[in-house]
Amino acid sequence: MATPAILGIVALDRRARVPLQTQLYRALREAILQGRLRPSLRLPATRVLAHDLRVGRNTVVAVFEQLIAEGYLEARAGAGTVVATIPETLLHTPPPVRRSSAGEAPRLSRRGADMARIRRASPEAPTRAFQVGLPAVDVFPTETWARLLGRRSRMLTRAGLGYDYATGYPPLCEAIAGYLGAARGVACRPEQVIVVAGAQAGLDLACRMLLDPGDAAWIEEPGYLGARGALLAASAKLVPVPVDAEGLDVATGARMAPSARLVYTSPSHQLPLGVTVSLARRLALLDWATRAGAWVLEDDYDSEYRYGGRPLAAMQGIDATGRVIYVGTFSKTMFPALRVGYLVVPPSLVEPFAIAMRHTGHSAPVAVQAALADFIVEGHFASHVRRMRVLYAARQARLLRGARRSLTGLVDVTPAEAGMHVLAELPAGTDDVALAARVARAGVVVRPLSIHYIERPARSGLLLGYAGVPEREIDRGVEQLASVLRESGRRVARAGR
Ligand SMILES: Cc1ncc(COP(=O)(O)O)c(C=O)c1O
């Protein structure tokens, strides 16, 4: 084949960040997949192509070898390198995937369909005011983290490079146990800590290990969508138990589903309402769980951020009968894409959970775990959390000042004693989903409260995350939100006339 034809296909950009080898590989692969380089077509000799493309011969050889290994090219004795025959189905580049395309619905399992119906809580758009659950990733000490991660990646032992540590890198388990004991009153040995790929993986593992299909499980109403997903993935029967000013209403739960096998709760800072569950309720829940033989899944996802009020230690620390499975995450204290969380399981569950971990794919990468252990042990974690607590308090104050200035009379924004978001309450019955969509069109992300309800929403409102939003964007977001709310109010008034 004449090199000029390849030169027409391969346009190497020497200023691009992508290495020339990768560019050449992608260009040839694409051309083969699109049928522009036909099967059996003979490619120029590597030396010739390298010369014509003005790249090193090794570069071309490496690309050819990779494409041969992947089946796109074939080395034929006497004929040099030729394009392989690619199955017809692969050849045409498929049309771009549209998430909402109205094509034939795939046949999902019942629980798969249930999971896919849970409303999305966060947009795919770039982060902006007022995304819920996002920490201040803009001020994370990435240099320190990169240094530790790089060092650990270079230092991994044979065990670290193999299949060991499926349930957690021991020094990290130790660091987590130490931290939880001191900061959250969690009583555990490092062996009870199971490191997972984010709290969500922990919820999934616990629900699947402890529930049979159709088993009743209490979930806070309104409650965390991730917990709903994990319970549905385990084919549980969801029992939405109301949350009041003291937290999960245990007496009502016991009436609704006395033989439930599991309770999901976020007692230190209930998502989404922000309530801290009282000690009396915690004791009542533990008492009920012990008598009923039920498990309590305690989600302590953002307990590090408390600005006022009385902090309560984790329920795990006052659980005398081993019913509590404690769930924690580094998504809020570090950053969500880290994908590291942990479970603290009672001694009776250590062995079965450890074995099951090998069959879930829920483990976190060892180099990341090792770097995280260093980050904690060297004190970076504690100082970052301390700084973030001050920053988030300031960001919440900024949001509340803005709300007093521009949202008074439109929504009731309640100050929060803990966490990373506030609730802007709307008159009951307001369609907060439609309102959030209107706000999104103005470039601001807010989360409707009603999506957290399984049954008819008792309250209506918007959740406003502030932790990850720089101050200037908070001000701008408040003004944009105010103008949409004012406009919506006028529309409601006109419709009522
Ligand atoms: C209640 C609750 N639990 C847990 C998490 C953390 O989940 P993950 O560790 O999977 O990021 C979140 C994050 O938004 C949350 O809101």
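The following legends describe close-up views of a predicted model of a protein with a bound ligand.

**Figure 1. Overall dimensions and composition of the protein.** The secondary structure amounts to 18 helices and 14 strands. Taken along the principal axes, the box filled by the C-alpha atoms is roughly 85 × 65 × 45 Å. Of the 497 residues in the protein, 49% are buried.

**Figure 2. The open sheet of eight strands.** The strands follow the order 3-10-9-8-7-4-5-6, and their pairing is mixed. Strand 3 (193-196) and strand 6 (247-248) form the edges, each pairing on one side only. In general, the strands of a sheet pair through backbone hydrogen bonds, in either a parallel or an antiparallel sense. Within this sheet, strand 4 (residues 216-221) runs parallel to strand 7, to which three bridges join it. Strand 4 also runs parallel to strand 5 (residues 237-244), here with six bridges. In the latter pair, Glu-220 has Val-241 of strand 5 as its bridge partner.

**Figure 3. Strand 7 and its neighbours.** Strand 7 comprises residues 262-265 and is covered on both faces. Leu-262 and Tyr-264 are buried on one side, and Val-263 and Thr-265 are buried on the other. Towards strand 4, Val-263 is the bridge partner of Trp-218. Towards strand 8 (residues 295-299), strand 7 pairs in the parallel sense over four bridges. Leu-262 is placed opposite Trp-295 of strand 8. Together with helix 13 (residues 279-292), strands 7 and 8 make a β-α-β unit that is right-handed.

**Figure 4. The shell of residues around the ligand.** The ligand is surrounded by Gly-198, Ala-199, Gln-200, Tyr-224, Tyr-264, Leu-271, Asp-299, Tyr-301, Thr-329, Ser-331, Lys-332 and Arg-339. By residue class, this shell divides into five nonpolar, four polar and three charged members. Among the shell residues is Tyr-264, one of the buried residues of strand 7.

**Figure 5. Polar contacts to oxygen atoms of the ligand.** Thr-329 places a polar side-chain atom 2.5 Å from an oxygen atom of the ligand. For Ser-331, the distance from an N or O atom in the side chain to a ligand oxygen atom is 2.7 Å. In the case of Lys-332, an N or O atom of the side chain is 2.8 Å from an oxygen atom of the ligand. On its own, the ligand has 400 Å² of accessible area, of which the protein covers 89%.

**Figure 6. Tyr-301 in the loop after strand 8.** Tyr-301 belongs to the loop between strand 8 and strand 9 (324-329) and is among the residues that surround the ligand. Its relative accessibility is 11%, under the 20% limit, and Tyr-301 therefore counts as buried. Between Tyr-301 and Ser-268, the C-alpha to C-alpha distance is 8.6 Å, although 33 residues separate them in sequence.

**Figure 7. Gln-192 and its contact with the backbone.** Gln-192 is located in the loop between helix 9 (170-184) and strand 3. Because its relative accessibility is 11%, below the limit of 20%, Gln-192 counts as buried. A polar atom of the Gln-192 side chain lies 3.0 Å from the backbone oxygen of Val-345. Strand 3, at one end of this loop, is an edge strand of the open sheet.

Conventions:
Residues are numbered from 1 along each chain as its sequence is written. This is a predicted model: local features need pLDDT of at least 70, side-chain atom pairs count only at pLDDT 80 or more; totals for chains, interfaces and linings use all residues. Side-chain values use heavy atoms; hydrogens and water are left out. Buried means under 20% relative accessible area, exposed over 50%, partly exposed in between (1.4 Å probe, protein chains only). Helices (H or I, at least four residues) and strands (E, at least two) are DSSP runs, numbered from the N terminus. Two strands pair if DSSP finds at least two bridges between them. A crossover is right-handed if, with the strands pointing away from the viewer, the path from the first strand over the helix to the second runs clockwise. A residue is near a molecule or strand if one of its heavy atoms lies within 4 Å of it. A polar contact is a pair of N or O atoms within 3.5 Å; within protein, one must be able to donate a hydrogen and the other to accept it, and residues adjacent in sequence count only if both atoms are side-chain atoms. Accessible areas come from the Shrake-Rupley method with a 1.4 Å probe; for residues, only the protein chains shown count as cover. Ala, Val, Leu, Ile, Met, Phe, Trp, Tyr, Cys and Pro count as nonpolar, Asp, Glu, Lys and Arg as charged, and the others, Gly among them, as polar.
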